[in-house]
Amino acid sequence: MADDLKTPLLDELEKGPWPSFVKDIKSLAGKKEMAKDLLRQLEKSYEDKRGYWKHGGLVGVMGYGGGVIGRYSALPEEFPGVSHFHTLRINQTSGWFYTADALREILNIWEEHGSGLLNVHGSTGDLVLLGTRTEELEPTFRALTEKGWDLGGSGSDLRTPSCCVGPGRCEYACYDTLSLAYNLTHAYQDELHRPMFNYKYKIKMSGCPNDCTAAIARSDMGIIGIWKDDIQVKPDAVAEYVDSGLDVQGLVVENCPTGCIELDGNEIKIDNSNCVKCMHCINVMPKALSPGKERGAAITLGAKAPIVEGALFGSVIIPFMKLEEPFEEVHDLIERIWEFWDEHGTNRERIGEFIERVSLATFLEGIGEKPLPQMIKAPRDNPYVFYEEYYAEEGEGEK
Amino acid sequence: MSFEFSGKTYETDDDGYLINLDDWNQDVAAYIAEQEGVEMTDAHWEVVNFLRTYYKEYSIAPAIKILIKEMKKMFGPEKGNSAYLYNLYPAGPALQACKIAGLPKPTGCV
């Protein structure tokens with residue numbers, strides 16, 4: 001560590017058995033003035049209990065509107081090393097598969113042109129390179145693109161599509177998330193690099209309802225693998241779980257949110273018509289149970305963190321879609337959604353807020369989709385609808 | 001900050017955007033474009049002229065989305081798209097075209 005660096009408050013964050021970003025930054029402080037001033041400025045922030053980054057500022061590389069996030073110190077005289085500290089987002093690989101050589105390549109470029117600090121991988125998805133100067137942006141971009149890397153999205157554009165590891169490692173994958181993420185990234189290069197939307201648009205792809213990319217909570221458009229038919233059951237394996245002492249009754253049957261599983265000795269029965277695809281039973285007994293054979297994805301819209309309006313979860317817009325290359329059906333849906341949102345949305349209005357404002361009915365009409373029962377966010381909560389009538393009708397053999 | 005051009009001094013902000021909207025004329029626009037490494041063609045002027053007309057009416061530069069839409073209306077879809085605009089103004093239609101059009105620097109994170 002550099003001798004002239006006094007950071008008693010930050011040093012507290014090095015204690016304990018946990019990974020520490022302070023340790024990480026200090027490891028570069030010996031050779032990078034940027035890393036040193038970053039620590040100094042942060043220490044001052046902790047002392048004064050306020051941040052010293054200026055907001056935003058438009059910086060970028062030629063031909064692109066996104067991918068670089070401008071960051072300047074509010075105290076450039078005191079901390080010249082971080083007077084410019086721009087972030088670059090690099091389009092990640094599908095499922096975050098890298099060779100060690102590929103990562104070394106990124107690190108070498110970044111140590112030469114920037115602070116050498118990275119954030120890999122946060123929920124943004126991209127490889128996030130933290131801290132460089134304006135005059136280094138073009139040379140960094142050139143060095144990266146020469147090796148086949150590209151910038152990701154930022155600002156009011158399509159953010160870098162992000163997916164779970166999918167069929168690369170996981171038998172639950174109900175569609176090829178890796179392939180779809182790759183496909184969408186290439187299909188929408190213009191939307192990714194040149195911001196022209198009302199606001200950001202994030203697409204996240206999870207292969208099954210375990211939703212490892214948290215698409216339901218963090219993406220404007222979540223594409224979440226699901227199956228249509230029955231959960232596949234291997235009776236022998238169920239019996240083995242029971243014999244091995246697994247408390248199937250307590251851990252599986254009683255935890256089923258819709259109570260659609262019954263255990264009868266060594267056998268389980270699943271009422272698939274009441275299954276809500278929560279994945280719990282499959283997760284507890286992976287050797288015995290697996291998603292059905294008729295696989296595809298449910299598509300949700302509208303999740304976001306609270307900025308302009310409060311936080312939203314995604315809600316279902318397409319209950320089931322088969323997903324196979326060349327994914328034309330997804331493209332068609334995405335383009336209809338963008339067109340309507342672009343035409344009628346306001347500046348800085350996310351798709352979820354837009355749907356809340358214009359109503360789901362108007363939105364569906366605008367994109368040319370039919371209303372379906374699966375789109376209802378909270379069933380049976382309208383006091384003006386008397387369900388008894390429907391039940392009575394059903395009893396009489398009508399619907 | 002300021003710069004000299006054909007015997008006149010032009011006041012600018014720190015990033016070289018003209019302070020006075022009325023200082024602007026085609027010659028000084030071409031000069032700013034040259035400094036930016038942009039060679040002005042009819043296609044470039046279409047964008048700049050649109051930006052100035054819009055600014056005079058609304059006192060704000062249009063959002064990219066509006067610029068694209070209006071370009072599409074006036075000149076057709078082959079000119080009303082972001083790739084076309086970035087081709088004309090590689091540093092971005094917001095930043096570069098506004099500078100050449102003599103408008104203030106667009107703010108916010110675009």
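Helices (H or I, at least four residues) and strands (E, at least two) are DSSP runs here, numbered from the N terminus. This is a predicted model: local features need pLDDT of at least 70, side-chain atom pairs count only at pLDDT 80 or more, and totals for chains, interfaces and linings use all residues. Residues are numbered from 1 along each chain as its sequence is written, while chains are lettered from A and ligands numbered from 1 in the order in which they are written.

**View 1. Chain B as a whole, two strands and five helices.** Starting at the N terminus, the elements go β-β-α-α-α-α-α. Along the principal axes, the C-alpha atoms of chain B fit a box of roughly 40 × 25 × 25 Å. The radius of gyration is taken over C-alpha atoms, and the globule rule is 2.2 Å times the number of residues to the power 0.38. For 110 residues a compact globule would come out near 13 Å, and chain B has 13 Å, so the two agree. Buried residues account for 29% of the 110 residues in chain B; buried means 20 or more other C-beta atoms within 10 Å of a residue's own, exposed means 12 or fewer, and partly exposed is in between, with C-beta atoms placed from the backbone. Contacts are pairs of residues whose C-beta atoms, placed from the backbone, lie within 7 Å. Of the chain B contacts between residues at least 6 apart in sequence, 49% link residues at least 24 apart.

**View 2. Asn25(B), in the loop between β2 (8–11) and α1 (26–36) of chain B.** Asn25(B) counts as partly exposed because it has 13 C-beta neighbours inside 10 Å. Glu4(B) is 21 residues away from Asn25(B) in sequence and 14 Å away in space, C-alpha to C-alpha.

**View 3. Where chain A touches chain B.** Here 16 residues of chain A are in contact with 14 residues of chain B. The chain A side breaks down into five nonpolar, eight polar and three charged residues. For that count, Ala, Val, Leu, Ile, Met, Phe, Trp, Tyr, Cys and Pro are nonpolar, Asp, Glu, Lys and Arg are charged, and the others, Gly among them, are polar.

**View 4. The domains of chain A.** Chain A splits into domain 1 (8–146), domain 2 (162–226 + 296–375) and domain 3 (232–290), with bounds that come from an automatic or database domain assignment. The centres of domain 1 and domain 3 of chain A, taken over C-alpha atoms, are 47 Å apart.

**View 5. An open four-stranded sheet in chain A, ordered β2-β4-β6-β5.** Its pairing is antiparallel; two strands pair if DSSP finds at least two bridges between them. At the edges sit β2 (68–69) and β5 (117–119) of chain A, each pairing on one side only. β5(A) and β6 (residues 127–130) of chain A run antiparallel and share three bridges, and Leu118(A) has Leu129(A) in β6(A) as its bridge partner. Look also at the loop between β5 and β6 of chain A, which holds His121(A): the peptide bond joining Val120(A) and His121(A) is cis, with omega about -15°.

**View 6. An open five-stranded sheet in chain A, ordered β7-β8-β9-β14-β15.** This one has mixed pairing, and its edge strands are β7 and β15 of chain A, each paired on one side only. Strand β14 (residues 295–301) of chain A is mostly covered, with seven of its seven residues buried. Seven bridges tie β14(A) to β9(A) in the antiparallel sense; Trp227(A) faces Arg295(A) in β14(A), and Ile226(A) is opposite Gly296(A). β14(A) also pairs antiparallel with β15 (residues 315–321) of chain A, over four bridges, and there Ile299(A) has Ile318(A) as its bridge partner.

**View 7. Helix α6 (residues 177–187) of chain A and its buried residues.** These are Thr177(A), Leu178(A), Leu180(A), Ala181(A), Leu184(A) and Thr185(A). Down the axis of α6(A) they fall within an arc of 170°, so they line one face of the helix; the arc is that of the directions from the helix axis to the C-beta atoms. They pack against β7 (162–163), α7 (189–193), β8 (203–206) and β9 (221–227) of chain A.

**View 8. Backbone oddments in loops of chain A.** Pro326(A) lies in the loop between β15 and α12 (328–344) of chain A, and the peptide bond from Glu325(A) to Pro326(A) is cis, omega near 5°. Met279(A), a residue other than glycine, has a positive phi near 80°.

Key. Two residues are in contact if their C-beta atoms, placed from the backbone, lie within 7 Å.
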